[in-house]
Amino acid sequence: MRNETTKKKEKRLLKKITAEVKRWEKILYLSEWRLEIKLDDLSNIDNDDGKKYLAITEMIVPYREAVIVFDVNIPPDDIEVTVIHELVHLIIHPIVAQIDN
């Protein structure tokens, strides 16, 4: 069970991540997307190259909806670049889909 200190830490982290998402959402012209931001422990998810996931994005492209899940242990210095990385997935998805077809 999570203690109060952990809950407060996660609340502050979520607030910081959400602020970065909102900032970059405007810069990247993604305001038409409905984004949900979550925190979870991503350490148990296998990655092909053995690196740890800092975030994962799941999209429903036709509805312009996405859920971005950030690792609860994301280093503070990695938040901005990870937010940008995940939001770029929304931009390039149509290109990648065309290549895959």
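Glu 20, Arg 23 and Glu 80 are joined in a network of salt bridges, in a model that is predicted. Seven salt bridges are present in the structure, and those described below are set beside the nonpolar core to which helix 1, strand 3 and helix 2 each give two or more residues.

**The Glu 80 and Arg 23 pair**

- Within the network that also includes Glu 20, the side chains of Glu 80 and Arg 23 form a salt bridge with an N to O distance of 2.4 Å.
- This pair links distant parts of the chain, since Glu 80 belongs to helix 2 and Arg 23 to helix 1, with their positions 57 residues apart in sequence.
- Glu 80 has a relative accessibility of 34% and therefore counts as partly exposed, and Arg 23, with a relative accessible area of 38%, is likewise partly exposed.

**The Glu 65 and Arg 34 pair**

- A salt bridge is formed by Glu 65 and Arg 34, whose closest N and O atoms are 2.1 Å apart.
- Because Glu 65 lies in strand 3 and Arg 34 in strand 1 (residues 34–40), the pair ties together parts of the chain that are 31 residues apart in sequence.
- The two partners fall into separate accessibility classes, as Glu 65 counts as partly exposed at 22% relative accessibility, whereas Arg 34 counts as exposed at 55%.

**The Asp 71 and Lys 52 pair**

- The side chains of Asp 71 and Lys 52 also meet in a salt bridge, with an N to O distance of 3.2 Å.
- Here, too, distant parts of the chain are linked, with Asp 71 in strand 3 and Lys 52 in the loop between strand 1 and strand 2 (55–60), 19 residues apart.
- Asp 71 has a relative accessible area of 0% and is therefore buried, whereas its partner Lys 52 counts as partly exposed at 43% relative accessibility.

**The largest nonpolar core**

- The largest nonpolar core holds 16 residues, of which Ile 17, Phe 70, Val 83 and Leu 87 touch the most other members.
- Two or more residues of this core come from each of helix 1 (4–27), strand 3 (65–71) and helix 2 (79–100).
- When its neighbours within four places in sequence are left aside, Leu 87 is in contact with Val 21, Trp 24, Glu 25, Leu 28, Leu 30, Leu 35 and Ile 68.
- As general background, nonpolar side chains tend to be buried together in soluble globular proteins.

Methods
Residues are numbered from 1 along each chain as its sequence is written. This is a predicted model: local features need pLDDT of at least 70, side-chain atom pairs count only at pLDDT 80 or more; totals for chains, interfaces and linings use all residues. Side-chain values use heavy atoms; hydrogens and water are left out. A nonpolar core is a set of buried Ala, Val, Leu, Ile, Met, Phe, Trp, Tyr and Cys residues joined through side-chain atoms within 4.5 Å. Buried means under 20% relative accessible area, exposed over 50%, partly exposed in between (1.4 Å probe, protein chains only). Helices (H or I, at least four residues) and strands (E, at least two) are DSSP runs, numbered from the N terminus. Contact means heavy atoms within 4.5 Å. A salt bridge is a side-chain nitrogen of Lys or Arg within 4 Å of a carboxyl oxygen of Asp or Glu.
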